[in-house]
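Subject: Structure handover

Hi,

Here is the structure I promised to pass on. Please load it before reading further; my notes follow below.

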Amino acid sequence: MSDKSSVLLFPYRHRFLLYLIITISIFLFIFSSIFIFNFTTTTTTTTTTSKLFNNINITSSSSDFLKPQLDKIKTTPWHNHNHITCDSTNAQLRVYMYDLPPEFHFGLLGWKANGNQTWPTLNSIPPHPGGLNLQHSVEYWLTLHLLSSNTPNIYNINAPCTAIRVHNSTQADVIFVPFFSSLSYNRHSKLHLDAKLSVNSFLQIKLLQFLTNRDEWKKMGGKDHLIMAHHPNSMLDARNKLGSAMFLLADFGRYPLQVANINKDIIAPYKHVVKTILPHQSATFDQRHTLAFFQGAIYRKDRGIIRQELYYMLKDEKDVHFTFGTIIGNGVKEAGHGMAMSKFCLNIAGDTPSSNRLFDAIASHCVPVIISDEIELPFEDALDYSEFCIFVRSSDAVKKGYLLNLLRGVGRERWTKMWEKLKKIVPHMEYRYPSIPGDAVDMIWQTVSHKIASIQYKLHKKNRYHRSQLLLNSN
(Lines give C-alpha, C1' and ligand atoms only; values in the text may rest on other atoms or scores of the structure.)
Protein backbone atom coordinates (compact mmCIF):
# COMPACT_ATOMS: atom_id res chain seq x y z
CA MET A 1 0.00 0.00 0.00
CA SER A 2 2.80 2.28 0.94
CA ASP A 3 4.73 1.48 -2.27
CA LYS A 4 1.68 2.07 -4.39
CA SER A 5 1.07 5.47 -2.81
CA SER A 6 4.67 6.49 -3.45
CA VAL A 7 4.38 5.52 -7.10
CA LEU A 8 1.19 7.56 -7.42
CA LEU A 9 2.61 10.59 -5.63
CA PHE A 10 5.84 10.78 -7.67
CA PRO A 11 4.29 12.04 -10.88
CA TYR A 12 2.39 14.70 -8.90
CA ARG A 13 5.54 15.90 -7.11
CA HIS A 14 7.42 15.88 -10.38
CA ARG A 15 4.80 17.95 -12.07
CA PHE A 16 4.71 20.45 -9.15
CA LEU A 17 8.49 20.84 -9.15
CA LEU A 18 8.49 21.37 -12.91
CA TYR A 19 5.75 24.01 -12.61
CA LEU A 20 7.69 25.82 -9.87
CA ILE A 21 10.89 25.89 -11.95
CA ILE A 22 9.04 27.27 -15.00
CA THR A 23 7.32 29.95 -12.91
CA ILE A 24 10.60 31.13 -11.35
CA SER A 25 12.28 31.18 -14.79
CA ILE A 26 9.53 33.32 -16.28
CA PHE A 27 9.70 35.74 -13.34
CA LEU A 28 13.50 36.08 -13.66
CA PHE A 29 13.18 36.63 -17.42
CA ILE A 30 10.60 39.40 -16.98
CA PHE A 31 12.63 41.10 -14.23
CA SER A 32 15.84 41.05 -16.25
CA SER A 33 14.04 42.39 -19.34
CA ILE A 34 12.65 45.35 -17.39
CA PHE A 35 16.08 46.13 -15.96
CA ILE A 36 17.75 46.02 -19.37
CA PHE A 37 14.99 48.20 -20.91
CA ASN A 38 15.31 50.85 -18.20
CA PHE A 39 19.07 50.91 -18.48
CA THR A 40 18.94 51.23 -22.26
CA THR A 41 16.27 53.98 -22.16
CA THR A 42 18.16 56.01 -19.56
CA THR A 43 21.40 55.71 -21.51
CA THR A 44 19.69 56.69 -24.77
CA THR A 45 17.87 59.65 -23.18
CA THR A 46 21.06 60.91 -21.55
CA THR A 47 22.97 60.60 -24.82
CA THR A 48 20.20 62.33 -26.80
CA THR A 49 19.91 65.18 -24.29
CA SER A 50 23.67 65.58 -24.28
CA LYS A 51 23.71 65.85 -28.05
CA LEU A 52 20.88 68.39 -28.00
CA PHE A 53 22.63 70.58 -25.46
CA ASN A 54 25.85 70.39 -27.46
CA ASN A 55 23.95 71.92 -30.34
CA ILE A 56 23.27 75.06 -28.29
CA ASN A 57 26.88 76.21 -28.46
CA ILE A 58 27.05 79.77 -29.80
CA THR A 59 29.70 80.43 -32.42
CA SER A 60 32.32 83.08 -31.85
CA SER A 61 30.81 85.09 -34.69
CA SER A 62 27.71 85.89 -32.62
CA SER A 63 27.77 89.50 -31.48
CA ASP A 64 28.91 90.44 -28.00
CA PHE A 65 25.68 92.41 -27.67
CA LEU A 66 23.63 89.20 -27.80
CA LYS A 67 25.93 86.93 -25.75
CA PRO A 68 24.50 87.74 -22.29
CA GLN A 69 21.03 86.68 -23.46
CA LEU A 70 22.31 83.57 -25.23
CA ASP A 71 24.32 82.56 -22.14
CA LYS A 72 21.10 82.57 -20.14
CA ILE A 73 19.42 80.44 -22.79
CA LYS A 74 22.13 77.77 -22.56
CA THR A 75 21.28 77.18 -18.91
CA THR A 76 17.54 76.80 -19.48
CA PRO A 77 16.29 73.40 -18.16
CA TRP A 78 15.51 71.04 -21.02
CA HIS A 79 12.08 70.14 -19.68
CA ASN A 80 10.94 73.71 -20.38
CA HIS A 81 11.73 73.46 -24.08
CA ASN A 82 9.01 73.43 -26.66
CA HIS A 83 9.18 70.38 -28.93
CA ILE A 84 6.21 71.48 -31.05
CA THR A 85 7.25 72.98 -34.37
CA CYS A 86 5.70 76.38 -34.95
CA ASP A 87 4.49 76.77 -38.52
CA SER A 88 1.95 78.75 -40.49
CA THR A 89 -0.84 76.35 -39.54
CA ASN A 90 -0.63 76.92 -35.79
CA ALA A 91 0.92 80.41 -35.51
CA GLN A 92 -1.35 83.17 -34.26
CA LEU A 93 -0.08 85.58 -36.92
CA ARG A 94 1.33 84.89 -40.38
CA VAL A 95 3.72 87.65 -41.47
CA TYR A 96 5.05 88.37 -44.94
CA MET A 97 8.27 90.39 -44.84
CA TYR A 98 9.46 92.35 -47.86
CA ASP A 99 12.98 91.42 -48.96
CA LEU A 100 14.17 95.02 -48.99
CA PRO A 101 17.81 95.64 -49.93
CA PRO A 102 20.27 95.69 -46.97
CA GLU A 103 20.58 99.48 -47.18
CA PHE A 104 17.16 99.63 -45.48
CA HIS A 105 18.01 97.39 -42.53
CA PHE A 106 21.22 95.59 -41.53
CA GLY A 107 23.28 97.62 -43.98
CA LEU A 108 22.60 100.59 -41.65
CA LEU A 109 24.53 98.61 -39.02
CA GLY A 110 27.54 98.27 -41.30
CA TRP A 111 26.73 94.75 -42.45
CA LYS A 112 28.13 93.87 -45.87
CA ALA A 113 26.14 91.41 -47.96
CA ASN A 114 27.81 88.75 -50.10
CA GLY A 115 26.61 88.94 -53.67
CA ASN A 116 22.82 88.94 -53.82
CA GLN A 117 22.45 88.19 -50.11
CA THR A 118 19.57 90.12 -48.52
CA TRP A 119 19.75 88.95 -44.91
CA PRO A 120 22.57 87.96 -42.55
CA THR A 121 22.82 84.36 -41.45
CA LEU A 122 21.53 83.65 -37.96
CA ASN A 123 24.97 82.72 -36.65
CA SER A 124 26.53 86.02 -37.74
CA ILE A 125 24.06 88.64 -36.58
CA PRO A 126 25.38 92.23 -36.84
CA PRO A 127 25.58 93.80 -33.37
CA HIS A 128 23.38 96.74 -32.53
CA PRO A 129 25.42 99.90 -31.84
CA GLY A 130 23.79 100.42 -28.45
CA GLY A 131 23.95 103.79 -26.69
CA LEU A 132 20.95 106.06 -27.14
CA ASN A 133 20.18 104.24 -30.41
CA LEU A 134 19.27 101.23 -28.31
CA GLN A 135 16.10 102.73 -26.85
CA HIS A 136 14.40 102.78 -30.28
CA SER A 137 15.73 99.37 -31.39
CA VAL A 138 12.36 97.60 -31.64
CA GLU A 139 12.90 97.37 -35.43
CA TYR A 140 16.03 95.27 -34.83
CA TRP A 141 14.35 92.78 -32.48
CA LEU A 142 11.20 92.22 -34.56
CA THR A 143 13.18 91.64 -37.74
CA LEU A 144 15.47 89.14 -36.02
CA HIS A 145 12.44 87.31 -34.70
CA LEU A 146 10.95 86.93 -38.17
CA LEU A 147 14.24 85.81 -39.68
CA SER A 148 14.54 83.01 -37.13
CA SER A 149 10.84 82.10 -36.95
CA ASN A 150 11.17 79.42 -39.65
CA THR A 151 14.05 77.71 -37.85
CA PRO A 152 12.51 75.36 -35.24
CA ASN A 153 13.95 75.87 -31.75
CA ILE A 154 17.09 77.52 -33.05
CA TYR A 155 18.47 77.82 -29.53
CA ASN A 156 16.32 75.09 -27.99
CA ILE A 157 14.16 77.49 -26.05
CA ASN A 158 10.45 77.63 -25.37
CA ALA A 159 9.85 80.03 -28.26
CA PRO A 160 6.43 81.64 -28.69
CA CYS A 161 4.26 80.67 -31.65
CA THR A 162 2.71 84.09 -32.04
CA ALA A 163 4.18 85.32 -35.34
CA ILE A 164 5.83 83.33 -38.11
CA ARG A 165 7.22 84.43 -41.42
CA VAL A 166 5.55 83.20 -44.60
CA HIS A 167 7.08 83.59 -48.05
CA ASN A 168 3.85 84.06 -49.97
CA SER A 169 2.03 87.33 -49.33
CA THR A 170 -1.35 85.77 -50.14
CA GLN A 171 -0.97 83.58 -47.04
CA ALA A 172 -0.17 86.51 -44.75
CA ASP A 173 -2.27 88.27 -42.14
CA VAL A 174 0.09 91.24 -42.03
CA ILE A 175 2.81 92.68 -44.30
CA PHE A 176 6.00 93.67 -42.46
CA VAL A 177 8.20 96.52 -43.74
CA PRO A 178 11.77 95.93 -42.47
CA PHE A 179 13.05 99.52 -42.62
CA PHE A 180 15.16 100.49 -39.60
CA SER A 181 13.75 104.01 -39.69
CA SER A 182 14.86 105.05 -36.18
CA LEU A 183 18.44 103.99 -36.84
CA SER A 184 18.29 105.69 -40.23
CA TYR A 185 17.21 108.95 -38.56
CA ASN A 186 19.83 108.74 -35.80
CA ARG A 187 22.71 107.98 -38.16
CA HIS A 188 21.85 109.47 -41.53
CA SER A 189 19.53 112.47 -41.16
CA LYS A 190 22.29 115.10 -41.59
CA LEU A 191 23.33 116.47 -44.96
CA HIS A 192 26.89 115.73 -46.07
CA LEU A 193 29.04 118.06 -48.18
CA ASP A 194 26.99 119.48 -51.06
CA ALA A 195 24.22 116.88 -50.88
CA LYS A 196 20.70 118.24 -51.20
CA LEU A 197 19.14 115.17 -49.65
CA SER A 198 20.15 113.16 -46.61
CA VAL A 199 20.53 109.39 -46.79
CA ASN A 200 17.57 109.12 -44.41
CA SER A 201 15.29 111.16 -46.68
CA PHE A 202 16.51 109.32 -49.77
CA LEU A 203 15.65 105.93 -48.23
CA GLN A 204 12.17 107.13 -47.30
CA ILE A 205 11.49 108.32 -50.86
CA LYS A 206 12.65 104.97 -52.26
CA LEU A 207 10.52 103.11 -49.71
CA LEU A 208 7.44 105.19 -50.56
CA GLN A 209 7.83 104.42 -54.26
CA PHE A 210 8.40 100.74 -53.56
CA LEU A 211 5.36 100.30 -51.31
CA THR A 212 2.82 102.26 -53.33
CA ASN A 213 3.71 100.27 -56.46
CA ARG A 214 3.27 96.89 -54.79
CA ASP A 215 0.14 94.80 -55.33
CA GLU A 216 0.19 93.96 -51.60
CA TRP A 217 -0.20 97.67 -50.78
CA LYS A 218 -2.86 98.28 -53.43
CA LYS A 219 -4.98 95.36 -52.20
CA MET A 220 -6.01 97.10 -48.95
CA GLY A 221 -4.46 100.52 -49.39
CA GLY A 222 -1.69 99.58 -46.98
CA LYS A 223 -3.97 98.94 -44.01
CA ASP A 224 -2.42 95.54 -43.34
CA HIS A 225 1.17 96.87 -43.49
CA LEU A 226 3.28 97.33 -40.37
CA ILE A 227 5.83 100.18 -40.51
CA MET A 228 8.23 100.79 -37.64
CA ALA A 229 8.76 104.46 -36.74
CA HIS A 230 9.59 104.35 -33.04
CA HIS A 231 11.80 107.44 -32.90
CA PRO A 232 9.51 110.52 -32.85
CA ASN A 233 11.40 112.03 -35.80
CA SER A 234 11.63 108.90 -37.94
CA MET A 235 9.71 108.65 -41.24
CA LEU A 236 9.16 112.42 -41.30
CA ASP A 237 9.32 112.60 -45.10
CA ALA A 238 6.97 109.73 -45.84
CA ARG A 239 4.66 109.30 -42.84
CA ASN A 240 1.80 111.43 -44.16
CA LYS A 241 1.62 109.48 -47.43
CA LEU A 242 1.82 106.14 -45.64
CA GLY A 243 -0.68 107.00 -42.93
CA SER A 244 -3.10 104.22 -43.86
CA ALA A 245 -0.58 101.63 -42.60
CA MET A 246 -0.13 100.51 -39.01
CA PHE A 247 2.71 102.40 -37.36
CA LEU A 248 4.77 101.04 -34.50
CA LEU A 249 5.46 104.11 -32.35
CA ALA A 250 6.70 105.36 -29.01
CA ASP A 251 3.82 107.86 -28.75
CA PHE A 252 1.61 110.12 -30.88
CA GLY A 253 3.23 113.39 -29.80
CA ARG A 254 4.43 114.49 -33.24
CA TYR A 255 1.71 112.97 -35.40
CA PRO A 256 -1.55 114.50 -36.64
CA LEU A 257 -4.57 112.43 -35.61
CA GLN A 258 -5.44 111.43 -39.17
CA VAL A 259 -1.96 109.92 -39.67
CA ALA A 260 -1.49 108.10 -36.36
CA ASN A 261 -3.91 107.18 -33.60
CA ILE A 262 -4.58 104.45 -31.06
CA ASN A 263 -7.34 102.89 -33.17
CA LYS A 264 -4.96 101.61 -35.84
CA ASP A 265 -1.43 102.00 -34.50
CA ILE A 266 0.68 100.27 -31.88
CA ILE A 267 2.64 101.71 -28.96
CA ALA A 268 5.80 99.75 -28.24
CA PRO A 269 8.03 100.06 -25.17
CA TYR A 270 11.42 101.70 -25.33
CA LYS A 271 14.39 99.40 -24.83
CA HIS A 272 15.63 100.41 -21.39
CA VAL A 273 19.31 101.36 -21.12
CA VAL A 274 19.91 100.76 -17.40
CA LYS A 275 20.68 97.32 -16.06
CA THR A 276 17.70 95.13 -15.12
CA ILE A 277 17.58 94.46 -11.38
CA LEU A 278 17.03 90.80 -10.54
CA PRO A 279 14.04 90.21 -8.21
CA HIS A 280 16.13 88.82 -5.34
CA GLN A 281 18.54 91.79 -5.58
CA SER A 282 15.83 94.46 -5.53
CA ALA A 283 16.06 96.90 -2.60
CA THR A 284 13.05 96.99 -0.28
CA PHE A 285 11.07 100.00 0.96
CA ASP A 286 13.34 100.59 3.97
CA GLN A 287 16.52 100.15 1.91
CA ARG A 288 15.53 102.90 -0.53
CA HIS A 289 16.37 106.17 1.17
CA THR A 290 15.53 108.50 -1.74
CA LEU A 291 11.84 109.36 -1.97
CA ALA A 292 11.75 110.56 -5.60
CA PHE A 293 14.32 110.41 -8.39
CA PHE A 294 14.75 112.32 -11.64
CA GLN A 295 17.93 112.70 -13.67
CA GLY A 296 17.95 113.95 -17.24
CA ALA A 297 17.21 116.95 -19.46
CA ILE A 298 15.29 119.62 -17.56
CA TYR A 299 14.80 122.49 -20.01
CA ARG A 300 12.42 121.22 -22.68
CA LYS A 301 10.04 122.79 -25.17
CA ASP A 302 6.23 122.91 -25.30
CA ARG A 303 4.58 120.59 -22.77
CA GLY A 304 8.02 119.73 -21.36
CA ILE A 305 8.22 123.07 -19.58
CA ILE A 306 6.68 121.32 -16.56
CA ARG A 307 10.07 119.77 -15.87
CA GLN A 308 11.48 123.21 -15.11
CA GLU A 309 8.62 124.04 -12.76
CA LEU A 310 9.04 120.80 -10.84
CA TYR A 311 12.81 121.19 -10.73
CA TYR A 312 12.60 124.52 -8.93
CA MET A 313 9.94 123.14 -6.59
CA LEU A 314 11.81 119.96 -5.61
CA LYS A 315 15.55 120.51 -6.06
CA ASP A 316 16.19 121.51 -2.44
CA GLU A 317 14.18 118.71 -0.82
CA LYS A 318 16.54 116.44 1.17
CA ASP A 319 14.91 113.15 0.15
CA VAL A 320 14.51 114.09 -3.52
CA HIS A 321 17.11 113.64 -6.26
CA PHE A 322 16.26 116.03 -9.11
CA THR A 323 19.21 116.95 -11.31
CA PHE A 324 20.58 117.25 -14.82
CA GLY A 325 21.94 114.12 -16.41
CA THR A 326 23.27 112.66 -19.66
CA ILE A 327 24.55 109.30 -20.89
CA ILE A 328 28.09 110.69 -21.18
CA GLY A 329 30.66 108.93 -19.00
CA ASN A 330 28.98 106.93 -16.25
CA GLY A 331 25.65 108.70 -16.68
CA VAL A 332 23.61 105.57 -17.40
CA LYS A 333 25.25 103.58 -14.60
CA GLU A 334 24.71 106.40 -12.09
CA ALA A 335 21.08 106.80 -13.12
CA GLY A 336 20.50 103.07 -12.84
CA HIS A 337 21.95 102.97 -9.34
CA GLY A 338 19.94 106.02 -8.30
CA MET A 339 16.68 104.53 -9.54
CA ALA A 340 17.39 101.20 -7.88
CA MET A 341 17.77 102.95 -4.53
CA SER A 342 14.71 105.22 -4.84
CA LYS A 343 11.10 104.53 -3.90
CA PHE A 344 9.60 106.57 -6.75
CA CYS A 345 10.91 107.60 -10.18
CA LEU A 346 9.45 110.67 -11.85
CA ASN A 347 8.44 110.21 -15.50
CA ILE A 348 7.68 113.77 -16.62
CA ALA A 349 6.58 114.84 -20.11
CA GLY A 350 9.36 116.32 -22.22
CA ASP A 351 9.37 117.30 -25.89
CA THR A 352 7.10 114.30 -26.39
CA PRO A 353 4.66 112.59 -23.99
CA SER A 354 6.88 109.52 -23.47
CA SER A 355 10.50 108.80 -22.68
CA ASN A 356 12.77 105.86 -22.01
CA ARG A 357 12.83 106.91 -18.34
CA LEU A 358 9.61 105.01 -17.62
CA PHE A 359 11.11 101.72 -18.77
CA ASP A 360 14.38 102.38 -16.95
CA ALA A 361 12.29 102.83 -13.79
CA ILE A 362 10.43 99.56 -14.39
CA ALA A 363 13.73 97.69 -14.92
CA SER A 364 14.95 99.21 -11.61
CA HIS A 365 11.77 98.25 -9.70
CA CYS A 366 11.31 101.95 -8.87
CA VAL A 367 7.59 102.79 -8.76
CA PRO A 368 6.97 105.16 -11.71
CA VAL A 369 5.18 108.45 -11.11
CA ILE A 370 3.77 109.43 -14.51
CA ILE A 371 3.23 113.15 -15.03
CA SER A 372 2.30 113.25 -18.70
CA ASP A 373 -1.33 113.88 -19.58
CA GLU A 374 -1.13 112.74 -23.21
CA ILE A 375 0.96 109.61 -22.76
CA GLU A 376 -0.07 106.33 -24.38
CA LEU A 377 1.30 103.15 -22.83
CA PRO A 378 2.25 99.83 -24.41
CA PHE A 379 0.02 96.79 -23.91
CA GLU A 380 -2.50 98.72 -21.82
CA ASP A 381 -5.24 96.40 -23.03
CA ALA A 382 -3.45 93.63 -21.11
CA LEU A 383 -1.74 95.56 -18.30
CA ASP A 384 -3.33 97.74 -15.62
CA TYR A 385 -0.63 100.36 -15.05
CA SER A 386 -2.43 101.75 -12.01
CA GLU A 387 -1.35 98.61 -10.14
CA PHE A 388 2.34 99.54 -10.35
CA CYS A 389 2.41 103.23 -11.33
CA ILE A 390 1.10 106.45 -9.84
CA PHE A 391 -0.53 108.90 -12.27
CA VAL A 392 -0.56 112.63 -11.50
CA ARG A 393 -2.18 115.28 -13.68
CA SER A 394 0.21 118.02 -14.71
CA SER A 395 -2.07 120.69 -13.28
CA ASP A 396 -1.94 118.96 -9.86
CA ALA A 397 1.78 118.20 -9.93
CA VAL A 398 2.73 121.90 -10.04
CA LYS A 399 0.59 122.77 -7.02
CA LYS A 400 2.83 123.54 -4.07
CA GLY A 401 3.21 120.52 -1.80
CA TYR A 402 0.82 118.31 -3.79
CA LEU A 403 3.31 115.83 -5.21
CA LEU A 404 5.41 115.41 -2.07
CA ASN A 405 2.34 114.98 0.14
CA LEU A 406 1.04 112.33 -2.24
CA LEU A 407 4.27 110.33 -2.33
CA ARG A 408 5.02 110.63 1.37
CA GLY A 409 1.52 109.39 2.07
CA VAL A 410 2.25 106.05 0.39
CA GLY A 411 3.14 103.67 3.22
CA ARG A 412 5.32 100.58 3.22
CA GLU A 413 2.47 98.13 2.64
CA ARG A 414 0.97 99.89 -0.38
CA TRP A 415 4.39 100.60 -1.92
CA THR A 416 5.46 96.98 -1.48
CA LYS A 417 2.39 95.74 -3.34
CA MET A 418 3.28 97.98 -6.29
CA TRP A 419 6.93 96.91 -6.06
CA GLU A 420 5.98 93.23 -6.15
CA LYS A 421 3.78 93.86 -9.20
CA LEU A 422 6.62 95.73 -10.91
CA LYS A 423 8.90 92.72 -10.62
CA LYS A 424 6.30 90.63 -12.45
CA ILE A 425 5.85 93.25 -15.17
CA VAL A 426 9.55 93.59 -16.06
CA PRO A 427 9.69 90.56 -18.45
CA HIS A 428 6.94 92.10 -20.61
CA MET A 429 9.20 95.09 -21.31
CA GLU A 430 12.32 93.11 -22.17
CA TYR A 431 13.39 92.78 -25.80
CA ARG A 432 15.04 89.42 -26.41
CA TYR A 433 16.51 87.38 -29.21
CA PRO A 434 15.45 84.68 -29.43
CA SER A 435 12.06 85.80 -28.15
CA ILE A 436 10.32 83.98 -25.31
CA PRO A 437 6.60 83.92 -24.43
CA GLY A 438 5.42 87.16 -22.83
CA ASP A 439 8.49 89.28 -23.62
CA ALA A 440 8.25 92.62 -25.45
CA VAL A 441 8.62 91.05 -28.91
CA ASP A 442 5.87 88.52 -28.21
CA MET A 443 3.60 91.16 -26.65
CA ILE A 444 4.00 93.41 -29.71
CA TRP A 445 3.03 90.62 -32.09
CA GLN A 446 -0.02 89.86 -29.96
CA THR A 447 -1.02 93.52 -30.18
CA VAL A 448 -0.54 93.46 -33.95
CA SER A 449 -2.80 90.40 -34.06
CA HIS A 450 -5.52 92.34 -32.23
CA LYS A 451 -5.24 95.25 -34.69
CA ILE A 452 -5.43 92.90 -37.66
CA ALA A 453 -8.54 91.27 -36.20
CA SER A 454 -10.14 94.72 -35.98
CA ILE A 455 -9.22 95.48 -39.60
CA GLN A 456 -10.67 92.16 -40.75
CA TYR A 457 -13.87 92.77 -38.78
CA LYS A 458 -14.41 96.11 -40.52
CA LEU A 459 -13.62 94.59 -43.91
CA HIS A 460 -16.01 91.68 -43.42
CA LYS A 461 -18.77 94.00 -42.27
CA LYS A 462 -18.22 96.19 -45.32
CA ASN A 463 -18.52 93.13 -47.57
CA ARG A 464 -21.96 92.17 -46.24
CA TYR A 465 -23.91 93.68 -49.12
CA HIS A 466 -21.04 94.09 -51.55
CA ARG A 467 -20.91 90.35 -52.26
CA SER A 468 -24.68 90.21 -52.63
CA GLN A 469 -24.49 92.95 -55.24
CA LEU A 470 -21.80 91.03 -57.11
CA LEU A 471 -24.08 87.97 -57.22
CA LEU A 472 -26.92 90.09 -58.53
CA ASN A 473 -24.72 91.61 -61.23
CA SER A 474 -23.46 88.19 -62.30
CA ASN A 475 -27.04 87.18 -63.03
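How many bridges join strand 9 to strand 10? Five, and the two strands run parallel. Leu346 is the residue opposite Val369 of strand 10. Keep in mind throughout that this is a predicted model.

**Overall numbers**

The protein has 13 helices and eleven strands. Of its 475 residues, 47% are buried. Take the contacts between residues at least 6 apart in sequence: 69% of them join residues at least 24 apart. The accessible surface comes to about 25,400 Å². Carbon and sulfur atoms account for 56% of that surface.

**The five-stranded sheet**

Strands 9 and 10 sit in an open sheet of five strands, ordered 8-7-9-10-11. Pairing in this sheet is parallel. Its edges are strand 8 (320-324) and strand 11 (390-391), each pairing on one side only. Strand 7 (residues 290-296) pairs with strand 8 in the parallel sense, over five bridges. There, Phe293 stands opposite His321 of strand 8.

Two helices are worth a look here. Helix 7 (residues 306-314) lies across strand 7, strand 8, strand 9 (342-348) and strand 10 (367-371). Helix 7 runs at about 130° to strand 8. Helix 12 (residues 412-425) also packs on the sheet and touches strand 9, strand 10 and strand 11. The direction of helix 12 makes about 95° with that of strand 10.

Why is strand 10 described as largely enclosed by the rest of the structure? Because five of its five residues are buried, that is, under 20% relative accessible area. Both faces are covered. Val367, Val369 and Ile371 are buried on one side. Pro368 and Ile370 are buried on the other.

**The six-stranded sheet**

This is another open sheet with parallel pairing, in the order 2-1-3-4-5-6. Strand 2 (163-166) and strand 6 (266-267) are the edge strands, and each pairs on one side only. Strand 4 (residues 225-228) and strand 5 (residues 246-249) pair in the parallel sense over three bridges. Met228 has Leu248 in strand 5 as its bridge partner.

Helix 3 (residues 138-148) packs on this sheet. Helix 3 touches strand 1 (93-97), strand 2, strand 3 (174-177), strand 4 and strand 5. Its direction makes about 105° with that of strand 1.

Helix 4 (residues 181-188) has four names to note: Ser181, Ser182, Leu183 and Ser184 are its buried residues. Their cover includes helix 3, helix 5 (199-212) and strand 4.

**Helix 3 against helix 13**

Two packed helices are described by the angle between their axes and the distance between the axes. Helix 3 and helix 13 (residues 440-474) pack at about 85°, with axes 10 Å apart. Angles from 65 to 115 degrees count as roughly perpendicular, so helix 3 is roughly perpendicular to helix 13.

Which residues meet at this contact? From helix 3 come Val138, Trp141, Leu142, His145 and Leu146. From helix 13 come Val441, Ile444 and Trp445. By class, the contact has seven nonpolar residues, one polar residue and no charged ones.

Best wishes

Technical notes. Residues numbered from 1 in each chain as written. Predicted model: local features only at pLDDT ≥ 70, side-chain atom pairs only at ≥ 80, totals over all residues. Heavy atoms only, no water. Pairing = 2+ DSSP bridges. Contact = heavy atoms within 4.5 Å. Axes fitted to C-alpha atoms, helices over the stretch in contact; angles between N-to-C directions. Buried < 20%, exposed > 50% of the residue type's maximum accessible area, 1.4 Å probe, protein only. Parallel < 35°, antiparallel > 145°, perpendicular 65-115°, else oblique. Nonpolar A, V, L, I, M, F, W, Y, C, P; charged D, E, K, R; others polar. Areas by Shrake-Rupley, 256 points an atom, 1.4 Å probe, with all protein chains shown as cover.
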